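I opened my notebook for a fresh model and wrote down things as I looked them up. Here is the model itself, before my entries.

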Protein chains: 2
Amino acid sequence: MPAGVSRTEFRNAMARVCAPVNIVTTNGPAGRGGFTATAMCSVTDEPPTLLVCMNGRSAQAQLFLANKRFCVNVLTPEHRDLANLFAGGTADMGARYAAASWITMAGGTEALADAIVSFDCTLEDVQRVGTHHVFIGRVESLRARTDGNALAYFDRNYVQVPSLLAS
Amino acid sequence: MPAGVSRTEFRNAMARVCAPVNIVTTNGPAGRGGFTATAMCSVTDEPPTLLVCMNGRSAQAQLFLANKRFCVNVLTPEHRDLANLFAGGTADMGARYAAASWITMAGGTEALADAIVSFDCTLEDVQRVGTHHVFIGRVESLRARTDGNALAYFDRNYVQVPSLLAS
């Protein structure tokens, strides 16, 4: 039988997986929230669906569960400072939002105006796994730029991933 | 109400999200399988858990469900050809495996010998979302290199993401 993997071993190994950096917003009756997330991926295109993982112990988790909608904004290298703010650089949600421009999507969520892509989602389902929630989001509308490099997180650092669209 | 998002719009938008490239293997009573996946992320470190999405229409899905174990191997730029093989470059599973070296993990899964990281998982849970399965994997053991650049997929191309560990 395997001896098991410690939290530290797991975290160090996951630091070696490059991941896209996103700001996930929510708004609605429960209030406005937003956090930086790297655990996001596509699930299926029938119907268009993605998922995002969030710590259930976060005070913000209840906002997402109550508002039942969120927007995943995929960041470019120009958004490093904004990513840090939404990762806890300030706890003041007003200050986080004041640092960028936002556009209201068809589903009512708030999209970062210059995100590489924004996915406007309704919260279709939630799966609880250990300490975390897996939010399953049905994509109701989206905005996408046709240019822009990607911001990734790898080896606990931000890295610019160049777009090959222009080459 | 939102007008909805077409499959093509969704796929084009998701192509603009950079993602790590992985080969996910399974073995056991049902036989040996393996495919290239970019939809993988960390879920929680209590207990160490990740997830991978897989098309439920794939013939291989039944192997994963029956074997109840899998290994996520995170690739480096040197694995582009291997990634293409496991993405369908050949349907012959023997040929796919013959193209690389493998190591048996504590949990019995097969790890790519020179992967940047390999996560040896038991299939803890499966959530069905549209056409796809979300496999929740409990990490039983792992192997990790302390060097190596990452292979990402962005704008429908492979991109090398440089490690900053040496800098």
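My entries follow, going from the whole pair of chains down to one residue.

**Entry 1: what kind of model**

I noted before anything else that this is a predicted model.

**Entry 2: how the two chains relate**

I asked which rotation puts chain B on chain A. A turn of 180° does it, with 0.0 Å of shift along the axis and an RMSD of 0.0 Å. That is how a two-fold axis relates its copies. I then looked for the C-alpha of chain B that is nearest the axis, and found that of B:A19, 3.0 Å away from it.

**Entry 3: where the chains touch**

I looked up the contacts next: 58 residues of chain B are in contact with 57 residues of chain A. On the chain B side, several elements each supply at least two residues, among them α1 (7–14), β5 (48–55) and β12 (157–161). β10(B) gives the largest share, eight residues. I also sorted this side of chain B by residue type and got 37 nonpolar, twelve polar and nine charged.

Do the copies meet through the same surface or different ones? They meet through the same surface, because 98% of the interface residues of chain B are also interface residues in chain A.

**Entry 4: the sheet of chain A**

I traced an open sheet of seven strands in chain A, with the order β3-β2-β6-β9-β10-β5-β4 and antiparallel pairing. Which strands stand at the edges? They are β3 (33–37) and β4 (40–45) of chain A; each has a single partner strand, so one side of each lacks a neighbour in the sheet. From one strand to the next, the twist averages 30°.

I reminded myself that strands of a sheet pair through backbone hydrogen bonds, parallel or antiparallel.

Then I zoomed in on some pairs. β9 (residues 117–129) and β10 (residues 132–144) of chain A run antiparallel and share twelve bridges. On that pairing, A:T122 has A:R138 in β10(A) as its bridge partner, and A:S118 has A:R143. The hairpin of β9(A) and β10(A) has two residues between the strands, and A:G130 there takes a positive phi near 55°.

On to β6 (residues 69–74) of chain A: six bridges join this strand to β9(A), again antiparallel. There I found A:V72 bridged to A:F119 of β9(A).

**Entry 5: the sheet of chain B**

I checked chain B as well. Its open sheet has seven strands in the order β3-β2-β6-β9-β10-β5-β4, with antiparallel pairing. The edges are β3 (33–37) and β4 of chain B, each with a single partner strand, so one side of each has no neighbour in the sheet. Leaving direction out, neighbouring strands of this sheet are turned by 30° against each other on average.

I picked one pair here: β2 (residues 22–26) of chain B and β3(B) pair in the antiparallel sense over five bridges. B:T26 finds its bridge partner in B:G33 of β3(B). Helix α3 (residues 80–89) of chain B packs on the sheet too, touching β2 and β3 of chain B, and its direction makes about 115° with that of β3(B).

**Entry 6: a helix that reaches over**

Which strands of chain B does helix α1 (residues 7–14) of chain A lie across? I listed β4, β5, β9 and β10 of chain B, with the helix running at about 110° to β10(B).

I looked at α1(B) for its buried residues and found B:F10, B:A13 and B:M14. They cover an arc of only 95° around the axis, so they sit on the same side of α1(B). Those buried residues pack against β4, β5, β9 and β10 of chain A.

**Entry 7: one residue up close**

I ended with A:V139, which is found in strand β10 of chain A. Is A:V139 buried or exposed? I counted 27 other C-beta atoms within 10 Å, so A:V139 is buried. Its C-alpha is separated by 5.6 Å from that of A:D120, although the two are 19 residues apart along the chain.

I also listed the contacts of A:V139, leaving aside neighbours within four places in sequence. They include A:P48, A:L50, A:F119 and A:D120, and from chain B there are B:V5 and B:F10. I had already met B:F10 as one of the buried residues of α1(B).

Notes. Residues numbered from 1 in each chain as written. Chains lettered and ligands numbered in written order. Predicted model: local features only at pLDDT ≥ 70, side-chain atom pairs only at ≥ 80, totals over all residues. Least-squares fit on C-alpha atoms with pLDDT ≥ 70 in both. Contact = placed C-beta atoms within 7 Å. Helix = DSSP H or I, 4+ residues; strand = E, 2+ residues; numbered from the N terminus. Nonpolar A, V, L, I, M, F, W, Y, C, P; charged D, E, K, R; others polar. Pairing = 2+ DSSP bridges. Axes fitted to C-alpha atoms, helices over the stretch in contact; angles between N-to-C directions. Buried ≥ 20, exposed ≤ 12 C-beta atoms within 10 Å, placed from the backbone. Arc of directions from axis to C-beta.
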